[in-house]
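Got your viewer open? Load the model, switch to a cartoon view, and follow along from stop to stop.

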Amino acid sequence: MRTRDSVKREVRVAGKQQAGAETRDRLIDAAAETIRSQGYAGTSARAIAKAAEVNSALVFYHFGGVDALLLAALDRSSEQRMATYRQAVEKAANLEELVQTASEIYRADLEGGHITLFSEMVGASIARPELRAEITARSEPWIDFIEQALDRVIGGSPLAKLLPPRDLAYAAITFYLGVNLFTHLDADRTRTEALFNLAERVAPRARLLTMRLPGRRKPGSTPKAITE
């Protein structure tokens with residue numbers, strides 16, 4: 001039987017858990033904002049805590065260190081973007097629409113700061129080998145996502161035989177990172193935009209290469225019944 005004291009203890013524990021969850025959320029948000037504005041080199045426990053308006057010791061209490069907190073920020077950003085972009089990509093019915101969607105995704109990531117967050121973590125992993133495996137693991141879901149989108153649109157076509165979706169997915173991730181780094185040099189983004197405009201012009205010209213070869217079923221379709 002629950003006593004009044006036990007109920008009070010449960011309430012106190014629940015209150016502490018809620019407060020802890022709120023503090024974690026504030027630290028994650030602050031970490032993302034700090035690395036976007038100050039870069040990895042300027043992102044310390046003190047800087048994050050100042051942005052979150054909490055004691056810097058809480059960074060270590062909740063996450064064990066700055067890198068773990070930054071990875072948590074990257075995870076949250078990726079999860080939110082994956083959910084949003086999956087819906088957008090699924091609406092693309094052909095290569096032209098997929099390229100257009102990819103251009104919109106890049107611009108949204110650039111404006112939202114996710115590219116900066118991801119690129120800063122990739123750059124940090126060069127000097128901090130312990131981060132490499134973590135970043136690689138977080139890249140895989142995106143490579144799979146891109147591969148699935150490409151396979152749905154061009155799978156079974158001459159273009160897919162020439163450029164397998166998995167290889168194109170790796171190329172897309174590499175391009176994504178490279179363009180972001182170049183964007184910092186290209187202040188007005190004219191050269192970066194030119195690359196996407198070129199891709200959008202080339203996509204319609206590849207229409208014949210994206211026509212599926214005989215025998216390739218569209219995803220979700222059912223095979224025709226065999227009749228005698």
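Here is a short walk through the fold, a helix pair, some salt bridges and a few single residues.

**Before you click**

You are looking at a predicted model, where local features need pLDDT of at least 70 and side-chain atom pairs count only at pLDDT 80 or more, while totals for chains, interfaces and linings use all residues. Residues are numbered from 1 along each chain as its sequence is written, and side-chain values use heavy atoms, with hydrogens and water left out.

**Stop 1: the whole chain**

Colour by secondary structure. The chain has ten helices and zero strands, with both kinds of element taken as DSSP runs numbered from the N terminus (helices are H or I, at least four residues; strands are E, at least two). Walking from the N terminus, you pass α-α-α-α-α-α-α-α-α-α.

Now colour by accessibility. Of the 228 residues in the chain, 38% are buried; buried means under 20% relative accessible area, exposed over 50%, and partly exposed in between, with a 1.4 Å probe and protein chains only. If you like contact maps, take the contacts between residues at least 6 apart in sequence: 67% of them join residues at least 24 apart. Contact here means heavy atoms within 4.5 Å.

**Stop 2: α5 against α10**

Select residues 95-112 for α5 and 190-205 for α10. Two packed helices are described by the angle between their axes and the distance between the axes. For this pair, the axes come within 8 Å and cross at roughly 165 degrees. The axes are lines fitted to C-alpha atoms, for helices over the stretch in contact, and angles run from 0 to 180 degrees between N-to-C directions. That makes α5 and α10 roughly antiparallel, given that angles under 35 degrees count as roughly parallel, over 145 as roughly antiparallel, 65 to 115 as roughly perpendicular and the rest as oblique.

Look along the line that passes through both helices, and you'll find the crossing of α5 and α10 is left-handed, the near helix being turned anticlockwise from the far one by less than a right angle (clockwise would be right-handed).

Which residues in α5 meet α10? Show sticks for Leu95, Glu96, Val99, Gln100, Ala102, Ser103, Tyr106 and Arg107 in α5; across from them in α10 are Thr192, Glu193, Phe196, Asn197, Ala199, Glu200, Ala203 and Pro204. The residues of this contact divide into eight nonpolar, four polar and four charged. In that count, Ala, Val, Leu, Ile, Met, Phe, Trp, Tyr, Cys and Pro are nonpolar, Asp, Glu, Lys and Arg are charged, and the others, Gly among them, are polar.

**Stop 3: salt bridges**

How many salt bridges does the structure hold? There are nine, each a side-chain nitrogen of Lys or Arg within 4 Å of a carboxyl oxygen of Asp or Glu.

Start with Arg76 and Asp29, whose side chains meet at 3.0 Å, N to O. Arg76 sits in helix α4 (residues 66-90) and Asp29 in helix α1 (residues 4-38), so this salt bridge ties together parts that are 47 residues apart in sequence. Both ends are partly exposed: Arg76 has a relative accessible area of 23%, and Asp29 has 46%.

Next, select Arg128, which pairs with Asp67 in a salt bridge of 2.9 Å, N to O. Here too distant parts of the chain are linked: Arg128 is in the loop between α6 (114-127) and α7 (132-154), Asp67 is in helix α4, and they are 61 residues apart. Arg128 is partly exposed at 32%, whereas Asp67 is buried at 15%. Arg128 also forms a salt bridge with Glu130 (3.1 Å, N to O), and Glu130 is partly exposed at 47%.

Then pick Glu140, Asp144, Glu147 and Arg166, which salt bridges with shared partners join into one network.

**Stop 4: three single residues**

Zoom to His62 in helix α3 (residues 57-63). Buried or exposed? His62 is buried, at 18% relative accessible area. Beyond neighbours within four places in sequence, His62 is in contact with Gly20, Thr23, Arg24 and Leu27. Put a distance label on His62 and Arg24: 6.7 Å, C-alpha to C-alpha, for 38 residues of sequence separation.

Ala49, in helix α2, is buried at 4%. The C-alpha atoms of Ala49 and Leu27 are 6.9 Å apart, with their positions 22 residues apart in sequence numbering.

Finish at Glu53, in the loop between α2 (45-52) and α3. Glu53 is exposed at 66%, and its phi is near 60 degrees, a positive value in a residue other than glycine.
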